[in-house]
Amino acid sequence: MLHADGMPAPSSAQNARPASLDAVDLTLLAELERNGRLTNAALAERAGIAESTCTQRLRTLRDRGVIRAFRADIDPAALGLGLQALITVRLGTHGREQVRSFEQRVRSLPPVLTAFHVAGADDYLLHVAVPDAAALRELVLEHLTTQPHVRHVETQLVFEVIDGPGLVAAGQSV
């Protein structure tokens with residue numbers, strides 16, 4: 001598998017262990033979390049390193065799977081998707097094929113922004129964006145509850161998305 005920039009993606013085994021990161025790596029990551037469009041020169045300056053060192057460090061962080069991708073954070077409302085919701089899904093059976101089938105279905109649904117396979121009373125948490133309540137109803141009734149292994153679906157509307165301090169901050173001691 002390749003990153004969007006053509007670089008090879010790390011295996012999931014590489015992602016399983018916490019990365020050993022120094023203060024420069026953490027600075028680079030924190031700055032990129034705040035603004036992923038920083039130029040290499042600006043990023044190097046903020047981290048107090050040479051541009052060539054910055055380039056190499058970023059390549060290493062990508063190769064190690066610490067940086068998974070660069071992408072734009074697009075406002076769903078700007079695309080006419082003014083209603084967001086979190087939908088919990090509980091499956092009736094949990095065989096490998098049923099799970100695979102459900103996940104394949106979820107991947108094919110354009111309103112699904114992110115899906116989490118979770119532990120607890122429910123099996124999945126879906127973050128979705130749709131134009132309106134009618135579209136949300138159709139998604140739930142026509143595309144989720146009709147799946148043969150879905151036993152329960154519960155929907156919660158999102159009033160506001162509140163960003164936290166980011167992953168770099170989460171990795172620091174509280």
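**Group meeting talk: a sheet, a core and one ring pair**

Okay, let's start with two residues: Phe102 is buried, and Tyr124 is buried too. Keep them in mind, since they come back later.

Before going on, a word of caution: what you see above is a predicted model. How confident is the predictor in the chain, as a mean pLDDT? The mean is 90, and 88% of the residues reach 70 or more. Residues 1-16 are another story, as pLDDT stays under 50 there. The model has 25 contacts beyond four places in sequence for that stretch, but I'll leave it aside today.

So, the sheet. In what order do the four strands sit? Reading across, you get β2-β3-β1-β4, an open sheet with antiparallel pairing. At the edges are β2, residues 112-117, and β4, each of them pairing on one side only. On average, neighbouring strands here are turned by 20° against each other, ignoring direction. Then there's a helix on top of this: α6 packs on the sheet and touches β1, β3 and β4. The direction of α6 makes about 20° with that of β1.

Let's zoom in on β3. With β1, it pairs in the antiparallel sense over seven bridges, and one spot to look at is Val89, which stands opposite Tyr124 in β3. With β2, there are five bridges, again antiparallel. Here Ala115 stands opposite Leu126 in β3, and His117 has Tyr124 as its bridge partner. So Tyr124 turns up facing Val89 and also facing His117. If you follow the chain from β2 to β3, you go round a hairpin with six residues between the strands. Look for Gly120 in that turn: its phi is positive, about 120°.

Why call β3 largely enclosed by the rest of the structure? Because six of its seven residues are buried.

That takes us to the inside. In general, nonpolar side chains in soluble globular proteins tend to be buried together. In this model, the largest nonpolar core has 20 residues, and the members touching the most others are Ile87, Val89, Phe102, Leu126, Val128 and Leu136. Who supplies at least two residues each? That would be β1 (83-91), α5 (96-107), β3 (124-130), α6 (133-144) and β4 (150-158). The top contributor is β1, with five residues. There's also a second, separate core of 14 residues, including Leu28, Leu32, Leu38 and Ala47.

Val89 is a nice place to stand and look around. Leaving out residues up to four places away in sequence, it touches Phe102, Asp122, Asp123, Tyr124, Leu126, Val150, His152 and Val153. Our two opening residues, Phe102 and Tyr124, are both on that list.

And now back to them, as promised. How many aromatic pairs are counted in this model? One. It's Phe102 with Tyr124: the ring centres are 4.8 Å apart and the planes are at 45°, so the pair counts as tilted. Because Phe102 lies in helix α5 and Tyr124 in strand β3, the pair ties together parts 22 residues apart in sequence.

One last stop, Gln147, in the loop between α6 and β4. Buried or exposed? Buried, because its relative accessibility is 15% and the cut-off for buried is under 20%. Beyond its neighbours up to four places away in sequence, Gln147 touches Phe102 and Arg105. So we end where we began, at buried Phe102.

Key. Residues numbered from 1 in each chain as written. Predicted model: local features only at pLDDT ≥ 70, side-chain atom pairs only at ≥ 80, totals over all residues. Heavy atoms only, no water. Core = buried A, V, L, I, M, F, W, Y, C linked by side-chain atoms within 4.5 Å. Buried < 20%, exposed > 50% of the residue type's maximum accessible area, 1.4 Å probe, protein only. Contact = heavy atoms within 4.5 Å. pLDDT = per-residue confidence, 0-100. Pairing = 2+ DSSP bridges. Axes fitted to C-alpha atoms, helices over the stretch in contact; angles between N-to-C directions. Phe/Tyr/Trp six-rings, centres within 6.5 Å; stacked < 30°, edge-to-face > 60°.
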